[in-house]
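Q: Please take a close look at a single part of this model, the surroundings of the ligand, and follow them outwards as far as they lead. I am in my first year, so kindly explain each term as you go.

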Amino acid sequence: MQLLFVESVFLKSINECDLVVVGAGMAGLAAAAQASAMGKRVCVLEKSGGPGGRMATRAKEDGCWDHGAQYFTARSTEFRAQVQQWLDAGLVAPWREPIAVWDGEQLSVSRSRERYVGVPQMKSPLENRAAGLDVFYHTQVTQVQQSESGWAIETNQSQWRAPNLILALPAPQSQALLPAGSAAHALAASAIMEPCWALLLDVERPLNLPFAAAFVNDGFLSWIAHNNRKPERDTGECYVLHATAEWSRAHLEAAPEFVQTMLLEEFMRVLAHWLPCQQLPPVHVRYVHRWRFARATEHDAPAAAVLPEQGLALAGDWLTDARIEGAYCSGVAAAVGLCG
Ligand SMILES: Cc1cc2nc3c(=O)[nH]c(=O)nc-3n(C[C@H](O)[C@H](O)[C@H](O)COP(=O)(O)OP(=O)(O)OC[C@H]3O[C@@H](n4cnc5c(N)ncnc54)[C@H](O)[C@@H]3O)c2cc1C
């Protein structure tokens, strides 16, 4: 046993490429695809078992829940072009259902904004993108070190050497890897990322709400979505609830059982306003999820922090506007800045 352990420590393979990208969310995969198109040998290291990051879906036989990002918009020319490719490939679809805003007294419903979702899951376009790249899953980067010959990247199961490195992670996770005292470390430390508790439910009978989702500006829920009213999500009566950043921060270390009880009660309270005089059907909690680093608060930063002389770039939504489009643009900017 002892001998086997010693061997596994010393036999960690050393791999080489032109660019290592850490993180297979929207920013990391956009960066990797861009650098790859520029002729670089790129490897992506991802700690979880699949791509997508915060564009996440929990899928079961009897339902699915997008528990991270809910939809995206496309404003810039470059992201609109990318979204058009995904639309043509059937990887995203417009979400044209009415969305409401609830202020505690009134509901205003509109379908004016152009919104898109991945189909059949939020992460679908990223799964497709990752399939064309060298992505190593279950590979958590634990240390990065710079030397004269480039970057040495240590993971839970391998070692990597590359002249260029892109960290496409939420700011605190980049900060944890960067050398203390460096400009990149200071930049990452300057971003504040708010948490979000999410509750995934199914409801025994249709609620027949006159909208598919609502921004909630009353109480401690911020968003309620009927996931089945997104395209290609037919099974079940699946609902996703998000708590506000303030409530999530105040209850960051609370037990999941407490969180689920509180969010469920709040959901029932809001539903009683929306569906007065109705017997509400039984609701079943399917999953509770804590996003520790859900979204960055606004701060001044470049779209991507590129330090070409160090062969280093930082990317991620926290460098832009805390949205999917921002993550995409940041990833592309990091790759162009580093490899161009
Ligand atoms: C609850 C919630 C709701 C949201 N709603 C919306 C919305 O409606 N519209 C919208 O546009 N945006 C929304 N967002 C934001 C959107 O999800 C993000 O802007 C976008 O997905 C960020 O992509 P990213 O690549 O920057 O980061 P991430 O998606 O977080 O990707 C980072 C990746 O790095 C991996 N990783 C972390 N540490 C390591 C390590 N040490 N080694 C290896 N891998 C590592 C992670 O597993 C992850 O896959 C929402 C986010 C949340 C959480």
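A: A polar contact is a pair of N or O atoms within 3.5 Å. This is a predicted model, in which local features need pLDDT of at least 70 and side-chain atom pairs pLDDT 80 or more, whereas totals for chains, interfaces and linings use all residues. Residues are numbered from 1 along each chain, and side-chain values use heavy atoms, without hydrogens and water.

With that in mind, consider the ligand's polar contacts. The side chain of Asp317 places an N or O atom 2.8 Å from an oxygen atom of the ligand. The backbone takes part as well: a polar backbone atom of Met26 is 3.2 Å from a ligand oxygen, and a backbone N or O atom of Gln70 also lies 3.2 Å from an oxygen atom of the ligand. Of the 1000 Å² of accessible area (Shrake-Rupley method, 1.4 Å probe) that the ligand has on its own, the protein covers 94%.

The shell around the ligand holds 35 residues (a heavy atom within 4 Å), and Glu46, Arg54, Tyr71, Asp317 and Ile324 are the closest. By character, the shell divides into 18 nonpolar residues, 11 polar ones and 6 charged ones, where Asp, Glu, Lys and Arg count as charged, Gly is among the polar, and Tyr is among the nonpolar.

Helices and strands (DSSP runs of at least four and at least two residues) contribute to this shell: α2 (26-37), β19 and α9 (324-339) each supply at least two of its residues. The largest share, 3 residues, comes from β19, and this strand leads us from the ligand to a sheet.

That sheet is open and mixed in its pairing (at least two bridges found by DSSP), with 7 strands in the order β8-β7-β16-β17-β18-β15-β19. Its edge strands, β19 (283-296) and β8 (107-110), each pair on one side only.

Further along the order, β15 (residues 193-203) runs antiparallel to β18 (residues 238-243), and 5 bridges join the two; in one of the pairings, Leu201 has Tyr239 in β18 as its bridge partner. At the β8 end, 4 bridges join β8 to β7, again in an antiparallel arrangement, and Trp102 has Leu107 in β8 as its bridge partner. These two strands, β7 and β8, form a hairpin with 4 residues between them, and Gly104, which lies in the turn, has a positive phi of about 105 degrees.

Note on methods. Polar contact = N/O pair within 3.5 Å; in protein donor to acceptor, adjacent residues only side chain to side chain.
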